[in-house]
Structure formats: structure tokens, C-alpha cells
Amino acid sequence: MTDDLAQRIQRQQAALRDGDIETADFARFLARMRAQFGEQQVDAVLQVEAATTAGGTTQVVTESARVGVAVAGSLYGDVFINGQWTRDESALLHQYLEHLIARCAMLPLQGIREQKSSTDLLAIKLDQVYTQLATAGMVQREVFDRASLAQFDASAYLAAHRGTELLPAQQRSRVRVAGQAGADRRPISIVAGGRTLLSGVIDANSDFYSEQDLVQWTPQELAAATQQGDELIFYGPQLVTEAIADSSHIVVLGEPGSGKSTLLRYLALTLAEAGLDEHVDLQERLQGWSRLGAHYRPLPIYYPLLTFAQRLAKDPGLAGTAHDLWNALADFIDPATSSTGLATVVRDRINRGAVILLLDGLDEVATVESRRKVVQAVAQFATEHPLCRIIVTCRVRAYEGERNAAWQLPGWPTVTLADWTRGQMAHFIAAWYHEAARANDRTAEWRGERVTALQTALGRRPDLQRLGVRPLLLTIMAVVHFNDGRLPEDSVSLYHRCIEILLGQWELGRADGTAYGTLMAYISLPNSGVEAFRPLLEVAAFRAHEAQRGTDQGSLGCEQLRLLVMDALKERGHTNPYDGAEKFLDYTDKRAGLLQASDAGDAYVFPHLTFQEYLAGVHLVSGLHVVDKIMARRNDDRWRVPIMLGVGDHVSGNKLEMPYRLFQELLTCEERSVEQTERDLLFAADLGQELGWDRLEQGDTAFKRVRRDLAQQLGSVVEGRVLPATERVRAGSLLGTLGDPRPGVCALPPSLITIGGGAFVIGLTAQEVGRLPKDEQPYYSHVVNDQPVSVRSFALAKYPVTNGQFKLFMDDAGYDRVVPWWEGRGREWLDAQDNRRAPNYWGDERWGMARANHPVVGVSWYEAQAFCRWLTQQRRYNPVGIVYRLPTEAEWEWAARGVERRMYAWGWEEPDGDRANYDGTYNGMTAVGCFPGGGTPEGVLDLAGNVLEWTGSVYGPYPYDADDGREQPTEVARKRFTLRGGSWNFNPIFLRAANRDFGSPDDRIGNVGFRLATHLPV
């Protein structure tokens, strides 16, 4: 049995080395082997393999390096990590895990209270308040086949899986209605509640619903779907722990304060506790972990990459290799001063796949060269130790996009942490106050009142909801609410109040049995208030933030702080500044506050990076030449948050002159490149959104002009070709909030592009289909054609109709049944709509009017036709009486393909993220015009991806005959109409210009919109 197991493992290891399988596949293989042969048998084979492999390895030894030696043979003992070890190793690991637990046990930003006692911090246990984190992706949850659908209870299912109070693991927001594998394509139509939910062709690969669709469905509508599909497959948010379990190497991205570091600390804490106690249920605490095997309990190593970067900076001779990273890890877990042998034990675990590296904060590595070395070392380490699981965290802006390509880990998957939902907020608030009540000896009644009050405030105030999507900001809310019973009105005020609370811990003494009392009395300035040290703290934060390019990144050296304190004391007239500074350092060493000594006592840090960023930002915007100082740092992502907070501090104090001058400089600065100009405009838009345009304009009407000028210029960023697509998409979203002034986007008339007439073969010839990959040919069997069709000259709108344009229709009695733009079957359809007077999803902030410059969706063919007739008759927007209509199917394809018979609207190159919005890349629609590289030579945009578009043509077989009634249909209620263009959630093969789909005229689907066309004079 052992020989067979060894051979199987050797074969899989060879496949891994040759690149035939992924490391995740190998990990799953090991999990199956452990289940079949037992933990000890598999570990024994791996130890022998690791020893054999290690025997031929040469390690570069630098500084106080540790040389890892694999140990052959079975090891047994008392610590449960992939088996058991010898008692000596057990003791080493036991001590290490206990130290790690102590390090990670408490919430990093603890519940700070103003009431003084011998314990200044209200200890909040991390494992008691940790709340599920989800990624921006979706995963499959339940699958109901034909047999189980007979018993499916739609009402009970929706009740259990929909609601703002649910955590991500319970939520379901997308459903797929599929046919049986291998079954023929067949028509399907799902009608419920007087509306058609779905009309199309179904097969095993069908996927009709965007992730928001299920949110809109009633139980009756979901029950109707069960009657026609062979399978119902439900999807919900992916948990980050599931993503981690699925990938042996992964990068977790998140915005500042989104919970990246807390996630790694929680993983380290949980796995450390599981290493000491075999009864810890990892599946319960780390959802999705079971797919790695019931007994997989790797040794966690939580290591800040900033520490590694500092080590590299101290020794320029270090090139950034796997050996450099291992030496740093060895010194971190087993310092040279102790040399217990723990590093050797850990090295063996790494070789056997029994270690998980939790590498935190790639974005905290400031310089380009340092980050390059760090990434290179991590990538090499992963290659040399493929069984070692590695998680790296980083801010989104510091990792994504072309400008960050040099320090992206090649081939590593990424997931982005999603904003918190109301359910996550509610869970955290209840858990946090439960811990606060426990630690502060408060009653359950007090706890319940506080939880209700804070959750009520969140439900009532949209501004707090926007802040609460970040765990850090919600924690700060809880801290302030704990002390004050109420919350300030904006994020800067929240930070300001929290700083006051932290300073207050130095302000008043209590009879607490210590010799320290108040800070000011202890340093012999009893008649001064602790607020006198606020400028000192601002300078300290600024220096610490500025020093991130050196070896003291994120902290302030002891000597630096001493000199700062001495200068501050001199200004206050202290008789012995040196002695006072020594006492200040001693005080901060012993009592918590806004500065905390490092474990070694040679540096000082702030209790959380956010406080450092806030105080550094406040200092940055003080004194002279503030705008110049900001402009000098505007391209450094590390200064982005401090700048936002510093400028916000001015606005909170109604000091608007500097913010106004900053906006002017960003909009009009001369002697800069096109790229810098576009980045400055995007930064100005981000800044205005962060500060709040309404608040700025209420402070001074001059900001209305700033907003208008910015909007005018930002359109060139959206449709530019300089910034990467991710930034153009963000610019489009920001422009929508400013009021998009681009002609034909939110206003009417539409911008029209003239398309010359001609003849072409619509669809694909049999020869063209035969040249497609074989697995794609079935998808194009319905477009085979060899007969030409003639198209006369016409004009086509540059963009799809947007929400902003559709609102003009709605505001002009668009849905009034007696107006002339509703006729025949369309008016009958409107009468049956039970007073629905807006597109589907109109009130959804992701799809509807909240995004004015995004394509309107959820409109039926009848609504699209009514819009065309309305605009034809509307003389305010159409004074010359142009006749607007939907394009015919032939016109649409001719515009997309041209005389060259382009495969895609832009040409023959395969789709990529710069040309189109597809494959769920942006998790929804984008503002129109964000992908100029995907436009036709004539300038028509968004013909591929973003949204499917109604045409005026009945869906019929080829050859296409314009005279067979398909372009002048009668009895339209019984017809199906052609859809063109692909969608944001479509696979790339469906973005081809010849692709076609169809829908019933009453369909109101979440990824279907329309575009305008008009005849040209003959």
C-alpha cells in the first residue's frame, strides 16, 4: 500500500513540476490521499520526498539566516498540525502558536473608552466580532434538478436567502435556468405576474440572469421558472475563505479599511488555535475550508511585507530572492537571539505543504524597487515551494491596472473584498457591543439599547451606510458611539472625535494603583492640556508616513520621537525638555494612547494606519504652500488617503479657500502630459465625491463652476485612450454623479453617426463557421448564410439610450396610456402592467436612474418603440422632426462589420478588457463610451458588450429578406425580436458582430437595452 501511495504521489509531483496540473489540484489530490490512506502514511511519504528534494538544494546565507533541513521519517507528538511531532518539536510549535494567538487575539482597533482605569483599552476579542467577508465574485450554491424541483418551495427558498439582514453565505442573488446536458436547444418562455421574465433558447449552457435578477423576483415568478427548466442553479456571493481554499497562491485586494489585515489575523488566530486543539471546527470558522480535507491544519505564519522590505532596504546587496524571504521568515519566527531550532521545523513543514504564509500589505512597500524585490522574492518562493499556501494582501489601486503590472504576481488569481452589506454591518454591531458589554461589565439591557440605537442610525442615514461598508470605519463608528451615544455627521469628524478619545486617555488620571496618573503631570507640565501635544502627533504621523521610503516605514524611530517631543516641550517652556521627553516615552511605553511602542521598544506606531493617515493629512494641509505640497504627492498612492482626509478637515471647518485652489490647480495645471492631465481630472473627481459636492456648493457657489468645468473635461478621460480601462470605467461612474455633459449621453437629441449603404452577407458563411474552433461552431449554427442583403444609408446613435435620456421620456408623460406614442399591442401591454411606470430595476442603484450615464435596461420592445415614437413627435428635443426608430437587424450588423466584414466591431483582434465590458469583469454595466478602442471605424461605441440591444426586426431564419415582413411586423405579440451586441456578463465568443439572440416583445431583462437609428434622406 505504501509503495503504491508513494508512486501516486511521485506521479502527481512530476505533473506539478511539468506544469500539467495546478498546485490547487495537487492539494486536493493530497486531501483525497489522506482520506484514503490516513494522515500518517501520506505525511511519511511527503517527508521522504521533501528530504530527497532538500538534499540537492543550495541556500544563500546572509545575515542571521537559517538553513532549513528536511527531516526524514515519521514524527509524532502533541501538536495537531498535519499529524503529530516529537516532543521537542511539539514544545517549540506549542510556544510559537501560543505567541501567535496572543499577538492576534484582539481586534487591532480596540474599543477605546474615555473612562480611565488601570486598563485603558476595552479589549475586544477578534474571534468574537469577526464577520464574514465576501469577494466581489459569485459562486454556485444549490442545484435543483428535475426531480428535486417537483418539491421545490419557492416562497420558503426566497424567505431563507433574501433579505438585507443576511450574511453573504446565506444570500442568493442569481439564478440560472438550464437544460439537461447534451439535450437539444429548445425555446423557453417564463411568464408570471403579467410580465415575461425570460424568453429565449435553453440548453445546458444557458445562463439568462444577471446577479440582480433574483432580487426582483416574487415567489410566484420563481415557481414559474421551475416549470420549464431542467435545472435551477442558484448563485451567491463568494466568501473570501472559499476563494482562499480554492487557490494555493492568491492575492486578496481591498480598499483601505476593507478588512484585509483583519482577515489574515483571523486566519492566523484560527489556524493557531486549531494547531493546539484538534477539536476546533475549521469548517464552522472558515467556511469552505473542508474542501482542503477534514484534517488539513497548516501552520500559519503571519508576516507583514513591510518588515521584509525594511530588511531588503538595509542591505542593498539582497536581490529579492526566495532565499532572502526564507531568511527573513526564519529570523521573524526564530530570532538569532533565541535560535531555538523552530525555523528548521518550519522549513520541513513548508516542504511538505503544511504551512500557510499570510503576507500582509504589499501596498505598504513604498518604492518601486523595494516592491519589485518583494514581489520577485514571493514569486520565487512560491515556485520553489509549490505546496506552501500563500496569501498576499494589497490595496486595489496599488495592484490593479497596467501601471502596476511590474509588481503583480504572475499567474496568481486575485479576489477583491466586497463592500459590507447591511447584514454584515448589523452582525458586527451586535457582536461588538456584546464584547464591549462583557469587557465593561454592562447589562444586557444596556447592550440591547446601544445596538438598536446604532443600527437605527445606520438605517436612517445614507452617509453612515456609505461609511459602514468598510469594516474599519464601522469600527470607528462603534468606538465613538460607545463613548458618546451618538455619531458625528461625516468621516473626517468621526476620525477627529476618535483622536479626541485617544488623547483623552492621557488627560485625566484615576486612583488606579499606578504611578503614572495624567501624562501632563507625569512630564511636569501639570498646567497644560494634553491637546497641546496634538500638533506634535500630527508632525509625528507626517514623518512616519513620509519615512515609508526608508527603513522606518510606518513608524517613528525612538530618537526621532524624542527630538520632536523635546522641541514641543521647549515651546511650552519646560525647564528640562530632555527629561520630559524621556518621561513621555516611558509613559507611552506603559500606557495606551495615540502612540504605541513596538515590541522591541525602538520605534513608535499609531494604533491604526488610519489615524496616522488622518493626522499626517491634517499636517500636510497646514502652513504655507499647501496646494504645492499636495500636488507633489498626488501620484503617490500612499498619500491619497491622507490628502483626502486633510482636505476634508478643511471642509469640515468651513475653510474652503485651499480646497478651491487645489481644484483649480488640478483642472488647469500647465506643462503636464496628457496622462498626468487625465489622472489629475480623475483625482479631482474622486476628491469631490469624497468631500461631497452638495456640501462644497452649499459652502460656496464657486464650487458649482468647478463641478461644471470638471464634468466638461472628464468626458475626455472616459473616452480617452491613455488611462487603462479600469480607470476609464471609474471616471465614467464619477462623471455620472457630476452630471455627464457629453452630447447624446444624458441629453437629447442623440449623437448620430452616418453609416453609408452597401451590400453584405449577413451572418457567417459555412466556410467562416468551419474556421471557428470546433467547440464554438454549435453556437453559430443559427447564423449560417450565403445570401447578400442590401442596406441603404442610415444614421445610428453613437451610444445606447441611457437612463438619463429615458428619464426625459418618463418625465414627459412617457407612460401615459392616452398619448400617441403608445399604440396597438404596445398600449395593451401597458394596460396590463399593473401601474408599472418605469423600467425594471429603475430603483436599483446599480442599474437604474442612480447611474444616469449607463444604458437603460429592463425595457421591453414595446417601451423601446414608444420611446422612438415619443422622440419623433417631441419638438423640444427634435425640432426638425427626425423620425427615430430601432435599427433593423441588417443595419445593426452592417454598422458593426462594415465592408471589411470585421469579426468584431473594432476589427479581428480577440476581445480584451480595453475594448469591451464582458465576462463579468466590472460586475455590471459601465457608463457608455468607456471603451473607445472597441468602437467601429466610424465611431459607433458599445456595440460589443455592456448591454444587448433590441432591434426592430423579427427574429427569423436566414437568408435575411427585408421584404418578408420581418421589418414591418404585424401581430407583434406573437413574434420574437432580434437582440444584438452581447452583454457585460457574456462570454467573449458572444461579442462577435454576427452573433444574434432574441426575446419576446414584453421581455424586460436586466441586460437588455436599445439604441436609436434613423433613415437618411434619399
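These legends walk through several close-up views of one predicted model.

**View 1. The whole chain, to get your bearings.** Before zooming in, here is the overall picture of this predicted structure. The chain has 1018 residues, and 58% of them are buried. Its secondary structure comprises 38 helices and 25 strands. If you take the contacts between residues at least 6 apart in sequence, 73% of them link residues at least 24 apart. The accessible surface adds up to about 39900 Å², and carbon and sulfur atoms account for 49% of that area.

**View 2. The second largest cavity and its charged lining.** The structure contains six cavities of 30 Å³ or more, and this view looks at the second largest, with a volume of about 110 Å³. Thirteen residues line this cavity; R397, R403, R634, R640 and R679 are the ones that lie nearest its centre. Sorted by class, the lining consists of nine charged, two polar and two nonpolar residues. Two helices to look for here are α30 (674–691) and α33 (725–738), each of which supplies at least two lining residues. Helix α30 gives the most, with five residues.

**View 3. A three-stranded open sheet.** Follow the strands across and you will read the order β13-β15-β14, with antiparallel pairing. The edges are formed by β13 (556–557) and β14 (596–597), each of which pairs on one side only. Strand β13 is joined to β15 (residues 603–605) by two bridges, and these two strands run antiparallel. A handy landmark is L556, which stands opposite Y604 in β15.

**View 4. L564 and its neighbours.** L564 belongs to helix α24, which covers residues 558–571. What surrounds this leucine? Leaving aside residues up to four places away in sequence, L564 touches L536, V539, A540, R543 and L556. One of these, L556, also appears in the sheet view, opposite Y604. V539 lies 25 residues from L564 along the chain, and the C-alpha atoms of the two are separated by 8.2 Å. L564 has a relative accessible area of 10%, so it counts as buried, the limit being under 20%.

**View 5. Two cis peptide bonds ahead of prolines.** Here are two places where the backbone deserves a second glance. The bond from L748 to P749 is cis, with omega near 10°. P749 sits in the loop that links α33 with β16 (752–755), and helix α33 is also a contributor to the cavity lining in View 2. The other cis bond joins Y958 and P959, with omega about 10°. P959 is found in the loop between β21 (948–954) and β22 (977–980).

**View 6. S524 and N946, two residues with positive phi.** Neither S524 nor N946 is a glycine, yet phi is positive in S524, at about 70°, and in N946, also at about 70°. S524 is placed in the loop between α22 (519–522) and α23 (534–546). N946 is located in the loop between α38 (889–897) and β21. Is S524 buried, exposed or partly exposed? Its relative accessibility is 42%, so S524 counts as partly exposed. N946, by contrast, is buried, with a relative accessible area of 2%.

Notes:
Residues are numbered from 1 along each chain as its sequence is written. This is a predicted model: local features need pLDDT of at least 70, side-chain atom pairs count only at pLDDT 80 or more; totals for chains, interfaces and linings use all residues. Side-chain values use heavy atoms; hydrogens and water are left out. On a 1 Å grid over the protein atoms alone, a cavity is a set of points where a 1.4 Å probe fits but cannot get out, and a pocket is an open set with protein on both sides within 12 Å along at least five of seven lines; lining residues have an atom within 4 Å of a point. Grid points are joined across faces, edges and corners, and a volume is the space filled by probe spheres set on the points. Helices (H or I, at least four residues) and strands (E, at least two) are DSSP runs, numbered from the N terminus. Ala, Val, Leu, Ile, Met, Phe, Trp, Tyr, Cys and Pro count as nonpolar, Asp, Glu, Lys and Arg as charged, and the others, Gly among them, as polar. Two strands pair if DSSP finds at least two bridges between them. Buried means under 20% relative accessible area, exposed over 50%, partly exposed in between (1.4 Å probe, protein chains only). Contact means heavy atoms within 4.5 Å. Accessible areas come from the Shrake-Rupley method with a 1.4 Å probe; for residues, only the protein chains shown count as cover.
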